Amino acid sequence: MTNTASDVITLELNLAAVEARLAALGNLPILRDKLEAARASMFEQLDELVFPKYEYYASQQPDEDDDV
């Protein structure tokens, strides 16, 4: 089991740091591209932590019990 709240806070702090670096960054396309890619990745991770995606697996469902 993971500590989701800690992961969310860490990602939010990292996102804030990346946003600050992007705001202070001049017109350096190579570094800007890397930071924007990192920011997009962090947003996806944060979205997955806050809104987990559950999939349906038929093999994990209980068998029908006709005797009940």
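**Reading a two-helix model: a tutorial dialogue**

Author: The mean positions of the 5 positive and 14 negative charges of the protein lie 25 Å apart. The model is a predicted one.

Reader: What does the secondary structure of the protein come to?

Author: The protein has two helices and zero strands. Helix H1 covers 4–24 and helix H2 covers 29–50.

Reader: How should the radius of gyration be read, and what value does the protein have?

Author: The value is set against that of a compact globule: for 68 residues such a globule would have a radius of gyration near 11 Å, but the protein has 20 Å. Along the principal axes, the C-alpha atoms fill a box of roughly 70 × 25 × 15 Å.

Reader: How much of the protein counts as buried, and what area is exposed?

Author: Of the 68 residues, 13% count as buried. The protein exposes about 5900 Å², and carbon and sulfur atoms supply 56% of that area.

Reader: Which residues make up the largest nonpolar core?

Author: The general idea comes first. In soluble globular proteins, nonpolar side chains tend to be buried together. In this structure, the largest nonpolar core consists of nine residues: Val8, Leu11, Leu15, Val18, Leu22, Leu25, Leu35, Met42 and Leu46. Helices H1 and H2 each supply at least two residues of this core, and the largest share, five residues, comes from H1.

Reader: Which residues does Leu22 touch, leaving aside those up to four places away in sequence?

Author: With those neighbours not counted, Leu22 touches Arg32, Leu35, Glu36 and Arg39. Leu22 and Leu35 are both members of the largest nonpolar core.

Reader: How are contacts read by their separation in sequence, and what percentage joins residues at least 24 apart?

Author: One takes the contacts between residues at least 6 apart in sequence; in the protein, 55% of these join residues at least 24 apart. Distances between C-alpha atoms offer another reading. Ala40 and Leu15 are 25 residues apart in sequence and 9.3 Å apart in space, while Ser41 and Leu15 are 26 residues apart in sequence and 9.9 Å apart in space.

Reader: Where do Ala40 and Ser41 lie, and why do they count as partly exposed?

Author: Ala40 lies in helix H2, and Ser41 lies in helix H2. The class between buried and exposed runs from 20% to 50% relative accessible area. Ala40 counts as partly exposed because its relative accessible area is 38%; Ser41 does so because its value is 33%.

Reader: Where does Tyr57 lie, and how far is Tyr57 from Arg21?

Author: Tyr57 lies in the segment after H2. Tyr57 and Arg21 are 36 residues apart in sequence and 42 Å apart in space, C-alpha to C-alpha. Tyr57 has 41% relative accessibility and therefore counts as partly exposed.

Key. Residues are numbered from 1 along each chain as its sequence is written. This is a predicted model: local features need pLDDT of at least 70, side-chain atom pairs count only at pLDDT 80 or more; totals for chains, interfaces and linings use all residues. Side-chain values use heavy atoms; hydrogens and water are left out. Helices (H or I, at least four residues) and strands (E, at least two) are DSSP runs, numbered from the N terminus. The radius of gyration is taken over C-alpha atoms; the globule rule is 2.2 Å times the number of residues to the power 0.38. Buried means under 20% relative accessible area, exposed over 50%, partly exposed in between (1.4 Å probe, protein chains only). Contact means heavy atoms within 4.5 Å. Accessible areas come from the Shrake-Rupley method with a 1.4 Å probe; for residues, only the protein chains shown count as cover. Lys and Arg count as positive and Asp and Glu as negative; His and the chain ends are not counted. The place of a charge is taken as NZ of Lys, CZ of Arg, CG of Asp or CD of Glu. A nonpolar core is a set of buried Ala, Val, Leu, Ile, Met, Phe, Trp, Tyr and Cys residues joined through side-chain atoms within 4.5 Å.
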